[in-house]
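Thanks, everyone. Let me put the model up, and then I'll walk through one helix, the core and the ligand site.

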Amino acid sequence: NTSPVTVLGLGDMGRALAAAFLAEERATTVWNRTAAKADELISLGAVRADSVAEAVTGSPLVVVCLLDYGVVRETLEPVAGQLRGRTVVNLTNGTPSQAAEMAAWVTGHGGDYLDGGIMAVPTTVATPEAFILYSGEQRIFDTYRGVLGELGSARYLGDDIGLASLYDLALLSGMHLMFDGFHHAVAMATSQEGGSAFGFTELLVPWLTNMARLLPAFAAEVDADLTTAAEPRLTQGLDVQVSGLANIMDAARDAGVSTTPLESSMAALEALLAHGHKVWSAPASVRQLRTAP
Ligand code: NDP
C-alpha cells in the first residue's frame with residue numbers, strides 16, 4: 001500500500017508519527033501551526049503544507065495529533081467542506097464522548113472517521129513496544145490497517161467509537177496510580193539519610209513486576225463475577241489488609257511523608273467493610289468502584 005498520508009500537528013508526538021511514515025518511505029504531507037517544527041521532517045523528505053486546506057487535500061488519509069479535541073475541531077472546521085471522501089484518524093488524547101462528537105461531525109461532512117489512542121511515547125513510536133488502539137467502522141480500519149501499523153502495533157477494539165479513548169484513558173489511569181505508588185514508595189525509602197532512590201528501585205521493580213503477574217488471575221475473577229457470580233478464591237482477610245495499610249500510613253507519618261496517596265486505598269477497604277465484606281477480593285473492589293456515586 002503506497003497511499004500517501006497527511007499528519008496534522010507536529011508536536012513531540014506528531015513529529016514522531018510523521019518520521020515513522022517517512023522511515024517507511026511513505027509520501028507524507030505535514031502541517032503545524034508553528035511551521036518551523038516541520039523543518040527536520042522536510043529534510044527527511046516530507047512535503048510541507050502551507051495551510052490546513054493544502055494538508056487535508058494532500059492525502060486520502062489524514063492523521064491528526066494535536067493538543068486536544070477543541071484544537072482538532074478548531075483546526076478542521078475551516079476545511080469541513082474538503083473532508084468528503086477522506087479519512088480522518090484522530091490520535092489526539094480525548095474522552096469517549098468527544099470521540100463520538102468528532103465522529104458525527106466528520107461523517108456529517110462526508111468523511112470517514114477512526115478514533116485512536118497512542119500507547120507509546122515519542123521515542124517508542126514505531127518500535128515493537130508501541131501499540132495504538134483504534135475504534136470505529138471495521139471497514140475503515142481494514143482499509144488503513146497496513147499504513148497505521150507503521151506507527152506501532154495497530155489494535156482494533158471494535159466499532160463503538162468511544163472504545164479506543166476509554167481503553168486509552170483506563171490504561172493511563174493504571175499508569176498514573178502506579179507512578180503515584182512509585183513516588184510514595186521512594187519518598188518513604190529515601191526519608192532516611194543515605195537512602196537511594198535508584199538502589200531502592202532495584203527492589204521495587206521486581207516486586208511490582210511480580211505483583212503485576214497476578215493481574216490476569218484477578219481479572220479472570222472479575223469476569224467470572226460479572227457472568228456467573230462465582231465466589232472469588234483469591235482473597236485475603238480485610239482485617240489483615242486494613243492493619244497492614246495502617247502500618248504503612250503510620251510509618252509514612254513517622255518518616256515525615258504524606259499519607260494522602262494511601263487515603264483513597266484505606267477508604268476503599270473501609271467501604272468494603274461497611275458493605276459487610278469480610279475478605280478483600282478483586283471483584284468486590286472493582287464492583288464497588290463501578291457503583292461509586
Ligand atoms: P505537544 O505539546 O508537543 O504538541 C501539541 C500540538 O498541538 C502542537 O502541534 C501544537 O502546535 C498544537 N496546538 C496546540 N494548540 C493549538 C492551537 N490552538 N491551534 C493549532 N495547533 C495547536 O504535545 P504532544 O505532541 O506530546 O501531544 C499531542 C497529543 O498526543 C496530545 O493529545 C497527547 O495527549 C497525545 N499523546 C502524547 C504522548 C506523548 O508522550 N507526548 C503519548 C500519547 C499521546 P504548535 O507547535 O504550533 O504549538
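Start with helix α8, residues 197-212. Helices here are DSSP runs of H or I, at least four residues, numbered from the N terminus. At 1.5 Å times one less than its number of residues, the 16 residues of α8 should span 22 Å, and the end C-alpha atoms are 21 Å apart, so the two agree.

Two ground rules. This is a predicted model: local features need pLDDT of at least 70, side-chain atom pairs count only at pLDDT 80 or more, and totals for chains, interfaces and linings use all residues. Residues are numbered from 1 along each chain as its sequence is written.

Back to α8. There is a bend of about 25° at leucine 203, taken between axes fitted to the seven residues ending there and the seven starting there. Proline 206 follows within four residues. How many of its 16 residues are buried? Zero, so α8 is hardly covered (buried means 20 or more other C-beta atoms within 10 Å of its own, with C-beta atoms placed from the backbone).

Now the core. The largest nonpolar core has 52 residues (buried Ala, Val, Leu, Ile, Met, Phe, Trp, Tyr and Cys joined through C-beta atoms within 7 Å). Leu17, Ala18, Val30, Val63, Val64 and Val89 touch the most other members. Helix α1, residues 12-23, supplies the largest share, six residues.

Last, the ligand. The shell around it holds 21 residues, each with its backbone-placed C-beta atom within 6 Å. The closest are Gly11, Met13, Arg33, Thr34 and Asn93. Which helix gives the most to this shell? That is α1, with three residues.

Definitions and conventions. Buried ≥ 20, exposed ≤ 12 C-beta atoms within 10 Å, placed from the backbone. Helix = DSSP H or I, 4+ residues; strand = E, 2+ residues; numbered from the N terminus.
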